[in-house]
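Morning, everyone. I have one structure to walk through today. Let's put it on the screen.

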Amino acid sequence: MTKVCCECKQIKVNNTWEQSPIPLKVAVTHGYCPKCYDALMKKLHRYMVGSMMGAAVCELEKTMFPQASY
Ligand SMILES: [Zn+2]
């Protein structure tokens, strides 16, 4: 089973990721190479932090300006 990164299309060969064409007639499984996995995690993290911050700011504004309408 050959692992292919679904982001950058690198394939895993002998525990290293390299940019090469996917061999034909080979069973492939999709995943993330460490680089794209990291990037994905950072993106997710930023997204989660961003939405939490957004909610927190919204709550804070409601407390500080209860009369304000949104
Ligand atoms: Zn990748």
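Start with the helix. Helix 1 covers residues 34-64, which is 31 residues. At 1.5 Å a residue, helix 1 should span 45 Å. Its end C-alpha atoms sit 44 Å apart, so the expectation and the model agree.

And yes, this is a predicted model. How confident is the predictor? The average pLDDT of the protein chain is 85. A score of at least 70 is reached by 94% of the residues. Among the elements, helix 1 has the lowest mean pLDDT, at 84. Strand 3, residues 16-18, has the highest, at 93.

Now, how covered is that helix? Hardly. Of the 31 residues in helix 1, the count of buried ones is 0. Zoom out to the whole protein chain. Buried residues make up 1% of its 70 residues.

What about the layout? The protein chain has 1 helix and 4 strands. Reading along the sequence, the pattern is β-β-β-β-α. The strands come before the helix, then.

Next, the overall dimensions. The C-alpha atoms fill a box of roughly 65 × 20 × 15 Å, taken along the principal axes. What radius of gyration would a compact globule of 70 residues have? It would be near 11 Å. The protein chain has 21 Å instead.

On to contacts. Take those in the protein chain with a separation of 6 or more. Residues 24 or more positions apart account for 51% of them.

Two residues to look at up close. The first stop is Met1. Met1 lies in the segment before strand 1, which runs 2-5. Is Met1 buried or exposed? It is exposed, because just 7 other C-beta atoms lie within 10 Å, and exposed means 12 or fewer. Which residues does Met1 touch, leaving aside neighbours within four places in sequence? Met1 is in contact with Ala27 and Thr29. Now compare a position further along. Asp38 is 37 residues from Met1 along the chain, and their C-alpha atoms are separated by 23 Å.

The other stop is Val13. Val13 sits in strand 2, residues 11-13. It has 12 other C-beta atoms within 10 Å, so Val13 counts as exposed, since the limit is 12 or fewer. Val13 and Thr2 are 11 residues apart along the chain. Their C-alpha atoms are separated by 7.7 Å.

To recap: 4 strands and 1 helix, a helix with 0 buried residues, and a radius of gyration of 21 Å. Thanks, that's my slot.

Note on methods:
Residues are numbered from 1 along each chain as its sequence is written. This is a predicted model: local features need pLDDT of at least 70, side-chain atom pairs count only at pLDDT 80 or more; totals for chains, interfaces and linings use all residues. Helices (H or I, at least four residues) and strands (E, at least two) are DSSP runs, numbered from the N terminus. A residue is buried if 20 or more other C-beta atoms lie within 10 Å of its own, exposed if 12 or fewer, and partly exposed in between; C-beta atoms are placed from the backbone. Two residues are in contact if their C-beta atoms, placed from the backbone, lie within 7 Å. The expected span of a helix is 1.5 Å times one less than its number of residues. The radius of gyration is taken over C-alpha atoms; the globule rule is 2.2 Å times the number of residues to the power 0.38. pLDDT is the predictor's confidence in each residue, from 0 to 100.
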